[in-house]
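Trainee: I would like to take a close look at a single part of this model with you, and then see how the rest fits around that picture. Could you walk me through it?

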Amino acid sequence: MISRGFLGRRRPAEVEKRLPPGQYLVTDFPVLSAGPTPHTPLDRWSFTLEGLVKSPMSWTWEEFRRLPSQTFTVDISCVTKWTKLDTTWIAVSVDTLLKAVQLDPSARYVMAFSDGGYTTNIPLAEMVNGQAFVAYQFGDKDLAPEHGGPARLVVPHLYFWKSAKWVRGLRFMDRDQPGFWESLGYNMHGDPWKEERYSGD
Amino acid sequence: MQPPQLEWQVAKVTAIRPETPQTKSFTLALPRWMAHQPGQHYDVRLTAPDGYRTERSYSVASEPERAGEIDLTVERIADGEVSSYLHDVLMTGDQLEVRGPVGGYFVWDIALGGPLMLIGGGSGVVPLMAMLRHRAARRSTIPARLLYSSRTQDDVIYKSELEAMARSDRELGIAYTFTRQAPSGWIGYHRRIDSAMLEEVMRPLGADIRTYVCGPTLLVEAVASTLVRMGLPAERIRTERFGPTGN
Amino acid sequence: MMHDDDDMNTALMVDGNAVAGELQQIFGRDMTMAVARCSSCAADSALGALMAFVRGPGVVLRCPACETAIVRIVETASARYIDARGALYMRLEL
């Protein structure tokens with residue numbers, strides 16, 4: 001049955017072409033998560049690069065904040081179908097982080113890991129050249145805990161479940177492994193423009 | 001007894017009644033009505049012409065003794081996709097797709113006995129009202145108390161019905177607390193629920209109380225942990241969290 | 001487990017009652033009364049009392065004592081996935 005007078009979400013024509021297939025536009029910033037907000041105190045926080053690297057590298061919060069940062073303005077798309085345009089972040093590019101380690105030649109995939117146990121997998125080639133960053137500011141404010149603060153990964157060209165909130169590091173792997181949602185029916189890659197939502201898409 | 005397999009059915013809206021500026025009650029006639037247990041809810045599903053669908057759950061407000069139909073009391077949430085539709089678009093005579101009744105954890109009926117302590121915040125009072133209406137319909141004398149937290153007196157759902165119930169039932173007591181503005185001349189509670197308030201309201205019930213707490217997540221967590229700290233056994237406390245409250 | 005936060009993520013957290021309908025469709029009976037033993041801390045909780053995160057790509061039900069994910073449910077376009085490895089067992093009254 002169709003619910004009389006229920007129109008669902010509208011798509012204004014001028015933004016139509018910026019929305020990946022099946023997505024609708026939002027202007028707020030929905031809060032979605034798989035678990036409670038962690039509260040790691042900043043003096044215990046660290047960000048680590050590990051796995052297939054010559055030697056692992058770790059930054060404290062102070063060290064991390066001293067790294068060169070950039071402003072990124074990107075569109076983000078969640079697999080639950082909302083897209084938010086022109087989000088602005090202040091972040092450290094993953095390229096900057098990778099300068100501090102020597103990757104093993106066999107490293108081809110990355111597992112991002114977060115407080116609370118969340119993980120998500122991304123091809124290494126899609127994390128370099130400005131495609132991914134670790135953000136600590138959203139708009140003109142410090143990244144709120146409910147949105148992943150103190151720092152979250154942002155990989156805007158993939159569905160937003162890949163942009164791990166409360167991120168604590170990247171582990172380099174030679175084979176693709178499924179993270180938290182990828183192991184339960186979600187697509188290993190997650191390109192919104194190809195609607196790679198579920199495994200087999 | 002196992003409930004039958006849940007299926008969607010198309011209900012007809014037979015009445016819509018404003019309760020407060022932010023809440024309305026919807027009476028739905030169900031082709032496949034079955035007696036629910038007070039505390040259970042129904043899932044409501046809306047479908048747009050392009051096939052887009054969305055669902056929400058709403059506690060049944062009415063007692064199972066009212067056969068053939070149910071009342072759902074819905075708070076209008078700002079930007080709420082479904083609550084705005086129900087409040088602003090739905091009319092009597094319309095159809096609404098529902099599935100239920102659902103839930104076996106947050107339920108009470110007179111067979112479970114008492115004494116009964118009900119604690120509700122905001123629209124959390126809805127499933128508790130089903131319990132009280134059922135208790136009244138069965139003319140039960142199980143001692144019961146309702147502690148009802150609202151922002152202001154304009155937010156008190158079922159106000160006149162609750163007052164009438166309490167007046168005519170010696171075993172039922174109702175206490176209200178207001179967290180923002182109390183009515184002028186109010187001498188009752190005017191703060192968030194705390195252990196002193198709970199202790200006062202529950203004291204006449206004695207021991208072995210069955211407690212149900214329902215409302216916004218933060219209220220439910222605070223009250224439940226307070227009750228446990230006060231020494232109530234955790235297995236006699238049932239909770240239902242509604243998520244954030246509308247503003 | 002107490003959460004002092006006032007943040008929206010905590011406020012949006014509900015409990016297993018919120019997915020009672022979906023659980024009943026999966027298991028064919030009411031599951032909110034089923035008791036799950038946490039594989040991490042061995043606490044027993046009724047599914048209706050588990051912390052529930054329902055707004056993301058899937059549903060995650062977590063132990064109220066230690067926050068470990070006990071059940072995860074994803075509904076894709078064509079299938080439903082259930083991972084209950086977070087429970088040592090679930091006990092259902094006959």
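Trainee: Is A:Trp166 buried or exposed, and how many other C-beta atoms lie within 10 Å?

Mentor: Happy to, and please keep in mind that this is a predicted model. A:Trp166 counts as buried because 25 other C-beta atoms lie within 10 Å, and the cut-off for that class is 20 or more. A:Trp166 sits in the loop that connects strand S10 (152-154) with strand S11 (167-173) of chain A. Its backbone deserves a look too: phi of A:Trp166 is near 55°, a positive value in a residue other than glycine. Most residues other than glycine have a negative phi, and most peptide bonds are trans.

Chain A offers another positive phi at A:Glu195, where the angle is near 50°. A:Glu195 belongs to the segment after S11 of chain A. A:Glu195 is classed as partly exposed because it has 17 C-beta neighbours inside 10 Å.

Let us move on to chain B and its backbone. There, a cis peptide bond runs from B:Gly100 to B:Pro101, with omega near -5°. B:Pro101 is part of strand S6 (residues 95-102) of chain B. B:Gly114 and B:Pro115 are also joined by a cis peptide bond, and here omega is about 10°. B:Pro115 is placed in the loop between S6 and strand S7 (116-121) of chain B.

Further along chain B comes helix H2 (residues 125-137), with 13 residues. At 1.5 Å a residue, H2(B) should span 18 Å, and its end C-alpha atoms are indeed 18 Å apart, so the two values agree. Of the 13 residues of H2(B), 11 are buried, so the helix is largely enclosed by the rest of the structure. Among the buried residues are B:Val125, B:Val126, B:Leu128 and B:Met129, and the buried set also includes B:Arg133, B:His134 and B:Arg135. After H2(B) comes B:Arg139, with a positive phi near 50°.

B:Val126 of that helix leads us to B:Thr73, since the two are in contact. B:Thr73 lies in strand S5 (residues 69-75) of chain B. With 24 other C-beta atoms within 10 Å, B:Thr73 is buried. Leaving aside neighbours within four places in sequence, its contacts also include B:Glu19, B:Thr23, B:Ser25, B:Ala61 and B:Ile157. The C-alpha atoms of B:Thr73 and B:Ser123 are separated by 8.1 Å, while the two residues are 50 places apart along the chain.

Finally, let us see how chain C meets its partners. Its contact with chain A involves 24 residues of chain C and 17 residues of chain A. On the chain C side, at least two residues each come from helix H1 (8-12), strand S4 (51-53), strand S5 (59-62), strand S6 (69-75) and strand S7 (80-83). H1(C) gives the most to this side, with four residues. The side of chain C that touches chain A is made up of 11 nonpolar, six polar and seven charged residues.

The contact between chain C and chain B takes 24 residues from each of them. H1, strand S1 (14-15) and helix H2 (20-27) of chain C each supply at least two residues of the side that touches chain B. That side of chain C divides into 11 nonpolar, nine polar and four charged residues.

Methods: Residues are numbered from 1 along each chain as its sequence is written. Chains are lettered from A and ligands numbered from 1 in the order in which they are written. This is a predicted model: local features need pLDDT of at least 70, side-chain atom pairs count only at pLDDT 80 or more; totals for chains, interfaces and linings use all residues. Two residues are in contact if their C-beta atoms, placed from the backbone, lie within 7 Å. Ala, Val, Leu, Ile, Met, Phe, Trp, Tyr, Cys and Pro count as nonpolar, Asp, Glu, Lys and Arg as charged, and the others, Gly among them, as polar. A residue is buried if 20 or more other C-beta atoms lie within 10 Å of its own, exposed if 12 or fewer, and partly exposed in between; C-beta atoms are placed from the backbone. The expected span of a helix is 1.5 Å times one less than its number of residues.
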